[in-house]
Amino acid sequence: MALFRPLMLRTAFSTSQSICIRYAALRYASTSTSESVVLPRLKDDLKTAMRSKNKPALNVIRALQAEIINASKTAKPIENDGTFYSLVQKQIKAANATIEECNAAKRPDLVEKEQAQLDVLNKYAEDIPKVSQEELNGLIDQAIAGFEEAKRAYGPIMGKVMGAIKGRPHDVEYVQKKIEELVGKK
């Protein structure tokens, strides 16, 4: 019996410790501000694309994962859907530029290939929940109201709005146009 007692104590201690760790992880996860919806799904999407032999989706997902890995080695890693959304938008702009170049070079085969990849990127961009335009309008109005008439400038208002958004996915072009309309870029 003496041989088993330390083993039983070790088992009892490790069980209570794992419960505490699980509780802490659950508590930490429930207080996170921005929940990722699409980013954790990438690995499963990669497996699905491999099984279905979907070349465009496979190429896009691998490129996105490579960008995520490269960004993890920098000061701004991609950890949530907000930063992932900006990566997807960057890839969409690059794909559109490539399509224009292929059209100019009269290469319909490459245009078709890039268009298929662009469709996959657009699907990811649509799946990410974004800040609504109503909420953006409210944040812009609050930011503008915080400044006096003479001190209203594009830069400080944009900074205040971006601080209020806190990295959540949003339509940057809409925010820029709305602030320019209300203030005028100086």
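A nonpolar core is a set of buried Ala, Val, Leu, Ile, Met, Phe, Trp, Tyr and Cys residues joined through side-chain atoms within 4.5 Å. The structure shown above is a predicted model, and its cores offer a suitable place to begin reading it.

The largest nonpolar core holds 28 residues, and among these Leu 64 and Phe 84 touch the most other members. Two or more residues are given to this core by each of the elements α2, α3 (55–72), α4 (81–104) and α5. The largest share comes from α4, which supplies 8 residues. The surroundings of Leu 64 can be followed in detail. With its neighbours within four places in sequence left aside, Leu 64 is in contact with Phe 84, Leu 87, Val 88, Gln 91, Leu 121 and Tyr 124. There is also a second, separate core, made of 15 residues, which includes Leu 136, Ile 144, Ile 165 and Ile 179.

From the cores the discussion turns to charged side chains. The structure contains 5 salt bridges. In one of them, Arg 41 is paired with Asp 127, and the closest N and O atoms are 2.9 Å apart. Arg 41 belongs to the loop between α1 (4–30) and α2 (42–52), whereas Asp 127 belongs to helix α5 (residues 108–127); the pair therefore ties together parts that lie 86 residues apart in sequence. Arg 41 is partly exposed, with a relative accessibility of 26%, and Asp 127 is likewise partly exposed, at 31%.

Asp 127 also meets the side chain of Lys 123 in a salt bridge, with an N to O distance of 3.7 Å. Here both partners lie in helix α5, 4 residues apart, which is about one turn of the helix. Lys 123 has a relative accessible area of 44% and is partly exposed.

A further salt bridge joins Glu 135 to Arg 168, with 2.8 Å between the closest N and O atoms. Glu 135 is part of helix α6 (residues 133–145) and Arg 168 is part of the loop between α7 (154–165) and α8 (172–183), so this pair ties together parts that are 33 residues apart in sequence. Both ends are partly exposed: Glu 135 has a relative accessible area of 35%, and Arg 168 has a relative accessibility of 29%. Elsewhere, salt bridges with shared partners join Arg 41, Asp 45, Lys 123 and Asp 127 into one network.

What, then, is the nearest side chain of opposite charge to Glu 114, which is buried yet has no salt bridge? It is Lys 113, at a distance of 5.7 Å. A salt bridge requires the nitrogen and the carboxyl oxygen to be within 4 Å, so Glu 114 and Lys 113 do not form one. Glu 114 lies in helix α5. When residues up to four places away in sequence are not counted, Glu 114 touches Ala 95, Thr 98 and Ile 99.

A final example concerns Lys 166, which is found in the loop between α7 and α8. Is Lys 166 buried or exposed? Its relative accessible area is 69%, and because residues over 50% count as exposed, Lys 166 is classed as exposed. Lys 166 and Gly 82 are separated by 84 residues in sequence, while their C-alpha atoms are 8.9 Å apart in space.

Notes:
Residues numbered from 1 in each chain as written. Predicted model: local features only at pLDDT ≥ 70, side-chain atom pairs only at ≥ 80, totals over all residues. Heavy atoms only, no water. Buried < 20%, exposed > 50% of the residue type's maximum accessible area, 1.4 Å probe, protein only. Lys, Arg positive; Asp, Glu negative; His and termini not counted. Contact = heavy atoms within 4.5 Å.
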